[in-house]
Amino acid sequence: MLMMKDNEIFMSKGDDVAFSISLTGVDGKPYTLKAGDKIIFSVSCGLKIETGYATINIASADTASIAPGDYKYDITYRANTTNAIQHLILPQPFHLMEVVE
């Protein structure tokens, strides 16, 4: 299960989930990542996913060793050509939910 509301994320531990982010340039037009650009999804529990796409994929193995609980996440963009870093989403709530199997 993945639920997002106002940048707050609720996710079931052990699920495979994916979500996309929309990138907009300073001119207000959609921005397409260039070769080597990175989107970095980081959670305060130690989870970190780096991708060259605007889709974040979280595999079940990524949360296997993380205790269910309330954390914070952010999303950062790193430009390949300049190594400039821009925070796209500042720290927001991330809830890793326990499941009953």
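**Exercise 1. A pair of neighbouring strands**

Task: Find which residue of strand 5 is the bridge partner of serine 42, and describe how strand 4 and strand 5 are joined.

Solution: Begin at serine 42 and look across to strand 5, where the bridge partner is lysine 48. This structure is a predicted model, and the positions discussed here should be read with that in mind. Next, widen the view from this one pair to the two strands: strand 4, which covers residues 38–43, is joined to strand 5 by 4 bridges, and the two strands run antiparallel.

**Exercise 2. The order of the sheet**

Task: Work out in which order the strands of the open sheet lie, and which strands form its edges.

Solution: The first step is to follow the pairing from strand to strand, which gives an open sheet of 6 strands in the order 1-2-8-7-4-5, with mixed pairing. The second step is to look for strands that pair on one side only, and these edge strands are strand 1 (2–5) and strand 5 (48–51). As a last step, consider how the sheet turns: from one strand to the next, the twist averages 20°.

**Exercise 3. The hairpin of strand 1 and strand 2**

Task: Describe how strand 1 and strand 2 are joined, and state what value phi takes at aspartate 6.

Solution: Strand 1 and strand 2 run antiparallel and are joined by 4 bridges, and within this pairing leucine 2 stands opposite methionine 11 in strand 2. The hairpin has 2 residues between the strands, and aspartate 6 has its place in this loop, between strand 1 and strand 2 (8–12). The phi of aspartate 6 is near 50°, which is a positive value in a residue other than glycine. To decide whether aspartate 6 is buried or exposed, take its relative accessible area of 70%; because exposed means over 50%, aspartate 6 counts as exposed.

**Exercise 4. A second positive phi**

Task: Locate asparagine 83, and decide whether this residue is buried or exposed.

Solution: Asparagine 83 is found in the loop between strand 7 and strand 8, and although this residue is not a glycine, its phi is positive, at about 60°. Its relative accessibility is 52%, so asparagine 83 counts as exposed, the limit being over 50%.

**Exercise 5. The salt bridge**

Task: Identify which residues form the salt bridge, and say how many residues apart they are in the chain.

Solution: The idea to start from is that side chains of opposite charge can pair when their charged atoms come close. The structure holds 1 salt bridge, formed by arginine 78 and glutamate 50, whose closest N and O atoms are 3.1 Å apart. This pair links distant parts of the chain, with arginine 78 in strand 7 and glutamate 50 in strand 5, 28 residues apart. Finally, check the accessibility of each partner: arginine 78 is partly exposed, with a relative accessible area of 25%, and glutamate 50, at 41% relative accessibility, also counts as partly exposed.

**Exercise 6. The largest pocket**

Task: Determine which elements contribute to the lining of the largest pocket, and what classes of residue are found there.

Solution: About 250 Å³ of space lies in the largest pocket. Two or more residues of its lining come from each of strand 7 (69–78) and strand 8 (85–97), and the largest share, 3 residues, comes from strand 8. Among the lining residues are Ile21, Tyr31, Ile75, Tyr77, Gln86, Leu88 and Ile89. Sorting the lining by class gives 8 nonpolar and 4 polar residues, with no charged residues.

Definitions and conventions: Residues are numbered from 1 along each chain as its sequence is written. This is a predicted model: local features need pLDDT of at least 70, side-chain atom pairs count only at pLDDT 80 or more; totals for chains, interfaces and linings use all residues. Side-chain values use heavy atoms; hydrogens and water are left out. On a 1 Å grid over the protein atoms alone, a cavity is a set of points where a 1.4 Å probe fits but cannot get out, and a pocket is an open set with protein on both sides within 12 Å along at least five of seven lines; lining residues have an atom within 4 Å of a point. Grid points are joined across faces, edges and corners, and a volume is the space filled by probe spheres set on the points. Ala, Val, Leu, Ile, Met, Phe, Trp, Tyr, Cys and Pro count as nonpolar, Asp, Glu, Lys and Arg as charged, and the others, Gly among them, as polar. Two strands pair if DSSP finds at least two bridges between them. Axes are lines fitted to C-alpha atoms, for helices over the stretch in contact, and angles run from 0 to 180 degrees between N-to-C directions. A salt bridge is a side-chain nitrogen of Lys or Arg within 4 Å of a carboxyl oxygen of Asp or Glu. Buried means under 20% relative accessible area, exposed over 50%, partly exposed in between (1.4 Å probe, protein chains only).
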